[in-house]
Amino acid sequence: MSYLTHLECAYCRKTYASDQLWNLCPECHKPLLARYDLVKAASEFRKEMLAGREPTLWRYREMLPVQEERYRFSLGEGFTPLLYAARLCREVGFAGLYIKEEGVNPTTSFKARGLALAVSRAAELGATALSIPSAGNAAGALSAYAALAGLPAVVFMPRDVPEPFIAECRALGARVRLIDGLITDCGRIAAAELQKEGRFDVSTLKEPYRLEGKKTMGYEIAEQMNWKLPDVIIYPTGGGTGLVGMWKAFREMEALGWIGSKRPRMVTVQSDGCAPMVRAFEEGAEFAEPWQDAHTLADGLRVPAAVGDFLILRALHESRGTAVAVSDAEMIRAAYLIGRTQGLFVSPEGGAALAAFQKLRGQGWIKDDETVVLFNTGSGHKYAHLYLGDS
Ligand SMILES: *Cc1c(COP(=O)(O)O)cnc(C)c1O
């Protein structure tokens, strides 16, 4: 059972019933957030109850929106390893590095978390067809969960997305539409067809539940670190769903009495070819201006504009975190370093997290005795073409 009570606009705070399908807030066109009865949950849902539960994100089901078990569509997503990176630590002269290995999720990226929740809840609330604009990994994840739920899915991706992303969606039974342009152009074209085709849009943060899937990374880090959060979390940021989700999770867990008030400093890393959040953070802006001519080999970071921009910026400021841009060459170099020290075949986005760590460590922003969690957000397999040149 779930403690879900209602939805609340993250910007204007207007509330909405959670038993029907919503996209953005109809008033101000900002994201809606799922709210729970935290008072009741605090008295009934104890962290000791997690012992012995399934090793997937559904172990936190009371704090997830799906009401009925038959709508919990699962491929084993979540509860991924949090690995202490001993050999990498030795290599970089720092003792406190951990890697949250999201590449082992279904469809090989953490997009599985968000889409497992979005598709499950959309099915529960009566959606009959699903649509998504994606830079690559989200499309594969939607294809998988839509297949499992028996719902037709259409995915819109940039025409220049690497072939494995296209192949994966086709193999999973989705209809693939390739668009000349970036994910923002895909979003525009997908949106124009929604009504006529009767499709529900599961764009990130344009529906409330992908965030709920990704917030479980915050629950897991707390549980896996024995309810003591790290000092710093470095997150490769596109739409920012995971970063915003973890920040929400920490607040919920404090209300549940599972953790104290200490929070990690949250770090956004982006590519210097597409760094709208880094620029907005440096300018102290509330919203981010769209990035022109976005280019990066890290497909998950090729997001020139994010609907949840203000939520990412709020989490960075409230946590006393920061935002860092790294080059594609730095990402790939860092990915090789993780590979040969830790045995993990990581995505360029995972490499970006280590490259950002190296920058912040060099600036003294991260201190000797701190603990740092790096996110490897996806496996390297769909990006194999990036690792065929010289290392
Ligand atoms: C989507 C994606 C990201 C960015 O995730 P957001 O939560 O949207 O910021 C990072 N890495 C990979 C591999 C991705 O697929």
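A pocket, as the word is used here, is an open set of grid points with protein on both sides within 12 Å along at least five of seven lines. By that yardstick, the second largest pocket holds about 330 Å³ of space. The model is a predicted one, and the account below goes through its empty spaces in turn, along with the ligand.

Starting with that second largest pocket, 14 residues make up its lining, and those nearest the centre are Leu33, Trp247, Arg251, Arg314 and Glu318. Three elements put two or more residues each into this lining: the strand β3 (32–36) and the helices α8 and α10 (309–318). The chemistry splits evenly here, with seven nonpolar and seven charged residues and no polar ones.

Next comes the largest pocket, with about 690 Å³ of space. Its lining runs to 42 residues, and Ile183, Thr204, Gly239, Val303 and Ala305 sit closest to the centre. Two or more lining residues come from each of α4 (137–149), α6 (183–197), α7 (209–224), β10 and α8. Of these contributors, α6 gives the most, namely four residues. Sorted by class, the lining of the largest pocket has 18 polar, 15 nonpolar and nine charged residues. Helix α8 thus turns up in the lining of the largest pocket and in that of the second largest pocket as well.

What occupies the largest pocket? The space is taken by the ligand. Around this ligand there is a shell of 16 residues, with Lys111, Tyr235, Gly238, Gly240 and Thr377 the closest. At least two shell residues come from β10 (232–236), and at least two from α8 (241–256). Polar residues account for nine members of the shell, nonpolar ones for four and charged ones for three.

Several backbone atoms come up against oxygen atoms of the ligand. For Gly239, a backbone N or O atom is 3.0 Å from a ligand oxygen; Gly239 is also among the residues closest to the centre of the largest pocket. Thr241 has a backbone N or O atom 3.1 Å from an oxygen atom of the ligand. At Gly242, the distance from a polar backbone atom to a ligand oxygen is 3.2 Å. As for how much of the ligand is covered, the protein takes up 96% of the 380 Å² of accessible area that the ligand has on its own.

That leaves the closed spaces. How many cavities of 30 Å³ or more does the count give? The answer is one, and the largest cavity has about 50 Å³ of space. Its lining consists of Leu7, Gln20, Leu21, Trp22, Arg121, Ala122, Leu125, Phe200, Glu207, Pro208 and Tyr209. Eight of the residues lining the largest cavity are nonpolar, two are charged and one is polar.

Key
Residues are numbered from 1 along each chain as its sequence is written. This is a predicted model: local features need pLDDT of at least 70, side-chain atom pairs count only at pLDDT 80 or more; totals for chains, interfaces and linings use all residues. Side-chain values use heavy atoms; hydrogens and water are left out. A residue is near a molecule or strand if one of its heavy atoms lies within 4 Å of it. A polar contact is a pair of N or O atoms within 3.5 Å; within protein, one must be able to donate a hydrogen and the other to accept it, and residues adjacent in sequence count only if both atoms are side-chain atoms. Accessible areas come from the Shrake-Rupley method with a 1.4 Å probe; for residues, only the protein chains shown count as cover. On a 1 Å grid over the protein atoms alone, a cavity is a set of points where a 1.4 Å probe fits but cannot get out, and a pocket is an open set with protein on both sides within 12 Å along at least five of seven lines; lining residues have an atom within 4 Å of a point. A molecule sits in a cavity or pocket if more than half of its atoms lie within 2 Å of its grid points. Ala, Val, Leu, Ile, Met, Phe, Trp, Tyr, Cys and Pro count as nonpolar, Asp, Glu, Lys and Arg as charged, and the others, Gly among them, as polar. Grid points are joined across faces, edges and corners, and a volume is the space filled by probe spheres set on the points.
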